[in-house]
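Please work through the exercises below with the sequence and the coordinates at hand, trying each task before reading its solution.

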Amino acid sequence: MRRSRNKYAGRIFLGLILILGLGVFLAVSVRLYRQKKETEARIAAREYEENEESILFRSETIEYEGETYRRNSYVKAILCMGVDRKGSMLESTTYTFGGQADGIFLIAQDTSRNTLKILVIPRDTMTEITMTDLSGNVLGKDIQHLTLAYAYGDGREKSCQLVAEAVSSLLGGLKIDHYMSANIDVINILNNSVGGVTVTVPSAGMDQRDAAFVEGEQVTLTGEQAEAFVRYRDITETHSAIYRMDRQQEYITQFFGVVKQQSRTDSGIVTDLLDLIQDQIVTDMEKKEYLKVALDALEMGELKDDDFYVVPGEAVMTEIYDEFHADQEALVPIVLELFYRKVS
């Protein structure tokens with residue numbers, strides 16, 4: 001009799017679990033369906049108006065303020081993205097689950113002079129991105145945070161292409177020649193492989209994350225400190241993603257300085273470092289192409305402040321999210337300087 005009751009109770013428990021699981025599944029399905037329909041309705045209702053700046057760089061030759069400019073064919077636009085994702089990047093993910101592009105940098109590689117310039121693009125920049133559903137079906141385009149463009153892809157090539165498309169739109173139709181995305185693991189792998197990188201902490205408040213991160217102090221980053229230094233932000237502080245860009249610039253500058261110094265006694269260091277991160281990157285470049293980008297950075301000497309540019313604009317706090325509104329008019333001269341040449 002007791003065994004029969006236990007068996008009956010077990011069936012009731014199993015039934016409750018199944019009902020609960022079904023309820024959760026239905027709730028999630030309904031939420032995703034509603035989100036999809038809301039997105040479709042919002043996109044259908046929005047009229048996107050193109051202004052002069054939004055399409056200016058779609059042509060190889062342009063007229064601007066009475067001057068003629070032509071795209072410099074020797075300068076390649078290479079989009080680099082740091083993705084908030086760990087583990088191998090060899091496998092695709094479900095659409096909308098590929099991670100976000102936390103760090104976004106557009107490299108202007110002058111292949112004739114073997115030099116680099118870097119345009120830093122705030123992750124919260126509001127621009128037109130392509131939105132998809134879980135199956136990868138395109139819902140349309142909408143003005144959203146640039147960082148989300150990566151998430152709407154497959155975590156690999158499609159994600160990179162969506163960010164490249166969005167950055168191109170932000171920069172007035174500028175053609176993006178190549179892309180490379182790297183995950184979080186790359187930071188510590190490279191940092192530890194060169195024996196640590198010494199940085200100067202550029203801002204206050206970082207000691208909340210690590211007691212060694214005191215403003216103005218020099219710290220040699222080891223272990224997981226490099227990731228913390230590059231990625232940490234106080235989410236209770238508005239526009240914290242913008243403020244940490246100073247740290248990202250500091251780290252990039254000092255890292256290349258360390259590699260340059262070590263290359264004097266180890267000519268194969270760049271190749272060895274790139275070999276270490278093959279599983280953590282996604283790119284449409286051949287190895288010889290991104291190897292040249294790294295070697296150009298070493299050949300030009302130390303990266304200096306004037307090698308970095310930042311998309312001009314205004315940081316805005318809404319009721320829910322931080323937003324960065326790019327100044328399209330002020331952005332035009334920067335794009336011209338980096339990627340075009342004046343026709344004499």
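## Exercise 1: the surroundings of E227

Locate E227 in this predicted model, decide whether E227 is buried or exposed, and list what E227 touches.

Solution. E227 is found in helix 6, which spans residues 225–231. The relative accessible area of E227 is 14%, and because buried means under 20%, E227 is classed as buried. Once residues up to four places away in sequence are set aside, E227 touches K86, I184, I187, N188 and Y232.

## Exercise 2: an aromatic cluster

Determine how Y251 and F255 are arranged relative to each other, and then how F255 is arranged relative to F256.

Solution. A pair of aromatic rings is described by the distance of the centres and the angle of the planes. The count of aromatic pairs in the model comes to four. For Y251 and F255 the ring centres are 6.1 Å apart and the planes stand at 20°, so this pair is stacked, given that planes under 30 degrees apart count as stacked. Y251 and F255 are separated by about one helical turn, because they lie four residues apart in helix 8 (residues 245–263). Turning to F255 and F256, the centres of their rings are 5.9 Å apart with the planes at 75°, so the pair is edge-to-face, the cut-off for that class being over 60. Y251, F255 and F256 thus form one aromatic cluster. Within this cluster, Y251 is buried at a relative accessible area of 8% and F255 is buried at 11%, whereas F256, at 25%, is partly exposed.

## Exercise 3: the packing of two helices

Describe how helix 9 and helix 10 pack, and name the residues that make the contact.

Solution. Helix 9 (residues 269–276) and helix 10 (residues 287–299) have axes 10 Å apart and pack at an angle of about 130°. An angle counts as roughly antiparallel over 145 and as roughly perpendicular from 65 to 115; the two helices are therefore oblique to each other. Helix 9 passes helix 10 in a right-handed crossing. Helix 9 contributes V270, T271, L274 and D275 to the contact, while helix 10 contributes K287, Y290, L291, A294, L295 and L298.

## Exercise 4: the nonpolar core

Which members of the largest nonpolar core touch the most other members, and with which residues is F339 in contact?

Solution. The largest nonpolar core has 94 residues, of which L79, L106 and F339 touch the most other members. Leaving aside neighbours within four places in sequence, F339 is in contact with R71, N72, V75, K76, A77, L106, I107, A108 and L174.

Methods:
Residues are numbered from 1 along each chain as its sequence is written. This is a predicted model: local features need pLDDT of at least 70, side-chain atom pairs count only at pLDDT 80 or more; totals for chains, interfaces and linings use all residues. Side-chain values use heavy atoms; hydrogens and water are left out. A nonpolar core is a set of buried Ala, Val, Leu, Ile, Met, Phe, Trp, Tyr and Cys residues joined through side-chain atoms within 4.5 Å. Buried means under 20% relative accessible area, exposed over 50%, partly exposed in between (1.4 Å probe, protein chains only). Contact means heavy atoms within 4.5 Å. Rings of Phe, Tyr and Trp (its six-membered ring) pair if their centres lie within 6.5 Å; planes under 30 degrees apart count as stacked, over 60 as edge-to-face and the rest as tilted. Axes are lines fitted to C-alpha atoms, for helices over the stretch in contact, and angles run from 0 to 180 degrees between N-to-C directions. Angles under 35 degrees count as roughly parallel, over 145 as roughly antiparallel, 65 to 115 as roughly perpendicular and the rest as oblique. A crossing is left-handed if the near helix is turned anticlockwise from the far one by less than a right angle, and right-handed if clockwise.
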